[in-house]
Every structure is written in structure tokens, then in C-alpha cells.
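I opened this structure to see how its parts fit together. These are my entries, in the order I made them.

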Amino acid sequence: MHEISLMSDIMRIATEELVRHGGRRLTLVRVRYGVLNQIVPDAMRMAFDAFIAGTPHEGAALELKEEPLRLRCRGCGKEREAASREEMFRPCPSCGKFAGFECRAGDGIFLDHLEAE
Ligand SMILES: [Zn+2]
């Protein structure tokens, strides 16, 4: 369950931001993650609930937004949205070559937005 350590990092950053802005409690945490990160949303929610239980942030909402994978062909430069990571291991549909792909989106976890009071 890598969601627990991810959520631990997210909550550390979120509470640092909260203190920096003089807030007392988090009311909303929005996390954006790429399909490559293979997040299980239910596991993220369980980890979130466990982290906020018994803290001033108890009752805060967690919003999860999955970001699609965008691949850019290193051969022809064409960028496209890919449905799954397996497409990284197939030739480019535009030029037909296998020149490798650069991930333009869909690989990473970001603290997107916070609301506090
Ligand atoms: Zn190509």
C-alpha cells in the first residue's frame, strides 16, 4: 500500500502550507495524480481518513483527480493521450517507429489545491 506513504507526504506538505498561511484546519485537500502512479482511490481515502482522525482536520474532504497519460514521440514529436502505460512499449501510431516516448503528463503526484479555515 504505497498510498499510506504518499498520503503521509501529502499531509506533511499540506500542514506546512496551512501553517505558512496562518490557517487552523484543513477543509479540503485536492490531489492530482497521473495514471502511471497506479493510485487506488479507495486506499488514498482510507489513508487520508486515518491521518486526519483525531486531528483538527477531521472532517476535511479529499478530492482526487486522475490525470491522463500524455506521450510525446521522440521520433516525430507528435503528442497524444494514451489510454494505458502499455502504449509506451508500442511503436508510435503517427510515424510507425519506436523512438521512445517522453511523458508530458500522467506521471506524478501533486497537491493541487487546499482549502482551510
Ligand atoms: Zn512518432
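The entries below cover the nonpolar cores, one helix pair and two single residues.

Entry 1, the model. I note that this is a predicted model.

Entry 2, the main core. I looked up the largest nonpolar core and found 13 residues in it. Met 7, Val 29, Ala 47, Phe 48 and Phe 51 have the most contacts inside this core. I then asked which elements give two or more residues to it. They are α1 (2–20), β1 (26–34) and α2 (41–52). The largest share comes from α2, with 5 residues. I add one general remark: in soluble globular proteins, nonpolar side chains tend to be buried together.

Entry 3, Phe 48. I set aside the neighbours of Phe 48 within four places in sequence and listed what remained in contact with Phe 48: Met 7 and Leu 62.

Entry 4, another core. Apart from the largest core lies another, of 5 residues. Leu 69, Leu 71, Cys 92 and Phe 101 are among them.

Entry 5, the helix pair. I looked up how α1 and α2 pack, and the angle is about 50 degrees, with the axes 9 Å apart. An angle of this kind falls outside the parallel, antiparallel and perpendicular ranges, and α1 and α2 are therefore oblique to each other. The crossing of α1 past α2 is right-handed. Which residues make the contact? From α1 I listed Glu 3, Ile 4, Met 7 and Met 11. From α2 I listed Ala 43, Met 44, Ala 47, Phe 48 and Phe 51. Sorted by kind, the residues of this contact are 8 nonpolar, no polar and 1 charged.

Entry 6, Ala 116. I found Ala 116 in strand β6, which spans residues 109–116. Is Ala 116 buried or partly exposed? A buried residue needs 20 or more other C-beta atoms within 10 Å. Ala 116 has 19, so I put it down as partly exposed. Its C-alpha atom is separated by 4.2 Å from that of Leu 26, although the two residues are 90 apart along the chain. Leaving aside neighbours within four places in sequence, Ala 116 is in contact with Leu 18, His 21, Gly 23, Arg 25, Leu 26 and Thr 27.

Entry 7, Gln 38. I located Gln 38 in the loop between β1 and α2. Its phi is near 50 degrees, a positive value in a residue other than glycine. Gln 38 counts as exposed because it has 10 C-beta neighbours inside 10 Å, and the cut-off for exposed is 12 or fewer.

Key
Residues are numbered from 1 along each chain as its sequence is written. This is a predicted model: local features need pLDDT of at least 70, side-chain atom pairs count only at pLDDT 80 or more; totals for chains, interfaces and linings use all residues. A nonpolar core is a set of buried Ala, Val, Leu, Ile, Met, Phe, Trp, Tyr and Cys residues joined through C-beta atoms within 7 Å. Helices (H or I, at least four residues) and strands (E, at least two) are DSSP runs, numbered from the N terminus. Two residues are in contact if their C-beta atoms, placed from the backbone, lie within 7 Å. Axes are lines fitted to C-alpha atoms, for helices over the stretch in contact, and angles run from 0 to 180 degrees between N-to-C directions. Angles under 35 degrees count as roughly parallel, over 145 as roughly antiparallel, 65 to 115 as roughly perpendicular and the rest as oblique. A crossing is left-handed if the near helix is turned anticlockwise from the far one by less than a right angle, and right-handed if clockwise. Ala, Val, Leu, Ile, Met, Phe, Trp, Tyr, Cys and Pro count as nonpolar, Asp, Glu, Lys and Arg as charged, and the others, Gly among them, as polar.
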